[in-house]
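Student: I have a structure open and I'm not sure how to start reading it. Could you walk me through a few features?

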Amino acid sequence: MAAQLGVVALFITNLSQAALRVNEVLACHPDIIVGRVGLPFHQRGVSVVALVVDGDGEAVADMVRRLDALENVTVHSHTL
């Protein structure tokens, strides 16, 4: 599959339980993650992580699927 440039947004509702699993998934895909920013929104009880990805479309899709399968994590992605 062709390389894709994209943005992946993670909304994590229970950071203490989900952080380790999210980081495990991200650690499996260091070659496609260009940048990462995490922001805690304590007043809403959610943490937001934004990823910029650039790489093989199958690798991007695999990472998104694995993240979306995690409890307490909602994923939205958009690629070119």
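**Reading helix 1 and its surroundings**

Tutor: Let's begin with a helix. Helix 1 covers residues 15-27, which is 13 residues, and spans 17 Å from its first C-alpha to its last, close to the 18 Å expected at 1.5 Å a residue. Keep in mind that this is a predicted model.

Student: Which residues of helix 1 are buried?

Tutor: Here is the general idea to start with. An α-helix has 3.6 residues a turn, so residues three or four places apart point the same way. In this structure, the buried residues of helix 1 are Ala18, Val22, Val25 and Leu26. They sit on the same side of helix 1, because the arc they cover around the axis is only 90°.

Student: And which exposed residues are on the face turned away from the buried side of helix 1?

Tutor: That face carries Ser16, Leu20 and Ala27.

Student: What covers the buried residues of helix 1?

Tutor: The cover includes strand 1 (3-12), strand 2 (33-41), strand 3 (46-56), helix 2 (57-68) and strand 4 (73-79).

Student: Now the loop between helix 1 and strand 2. Is histidine 29, which lies there, buried or exposed?

Tutor: Here the cut-off helps: buried means under 20% relative accessible area. Histidine 29 has 7% relative accessibility, so this residue counts as buried. Leaving out residues up to four places away in sequence, histidine 29 touches Ala59, Asp62, Met63 and Arg66.

Student: What about isoleucine 32: buried or exposed?

Tutor: Isoleucine 32 belongs to the loop between helix 1 and strand 2, and its relative accessible area is 2%, so it is buried. Beyond its neighbours within four places in sequence, isoleucine 32 is in contact with Val52, Val53, Asp54, Gly55, Asp56, Ala59, Val60 and Met63.

Student: Can we try a strand residue? What does serine 47 touch?

Tutor: Serine 47 is part of strand 3. With residues up to four places away in sequence set aside, serine 47 touches Leu10, Phe11, Ile12, Leu15, Leu39, Pro40 and Phe41. Its relative accessibility is 11%, so serine 47 counts as buried.

Student: Let's finish on the surface. Which residues make the nonpolar surface patch?

Tutor: Leu5, Val7, Val34, Val52 and Leu80 make a patch of about 480 Å². Take leucine 5, found in strand 1: its relative accessible area is 43%, so leucine 5 is partly exposed. Val52 turns up twice in our tour, in this patch and among the contacts of isoleucine 32.

How values were computed: Residues numbered from 1 in each chain as written. Predicted model: local features only at pLDDT ≥ 70, side-chain atom pairs only at ≥ 80, totals over all residues. Heavy atoms only, no water. Helix = DSSP H or I, 4+ residues; strand = E, 2+ residues; numbered from the N terminus. Expected span 1.5 Å × (residues − 1). Buried < 20%, exposed > 50% of the residue type's maximum accessible area, 1.4 Å probe, protein only. Arc of directions from axis to C-beta. Contact = heavy atoms within 4.5 Å. Patch = residues over 30% accessible without salt bridge, like charges linked within 9 Å, V, L, I, M, F, W, Y side chains within 5 Å. Areas by Shrake-Rupley, 256 points an atom, 1.4 Å probe, with all protein chains shown as cover. Salt bridge = Lys/Arg side-chain N within 4 Å of Asp/Glu carboxyl O.
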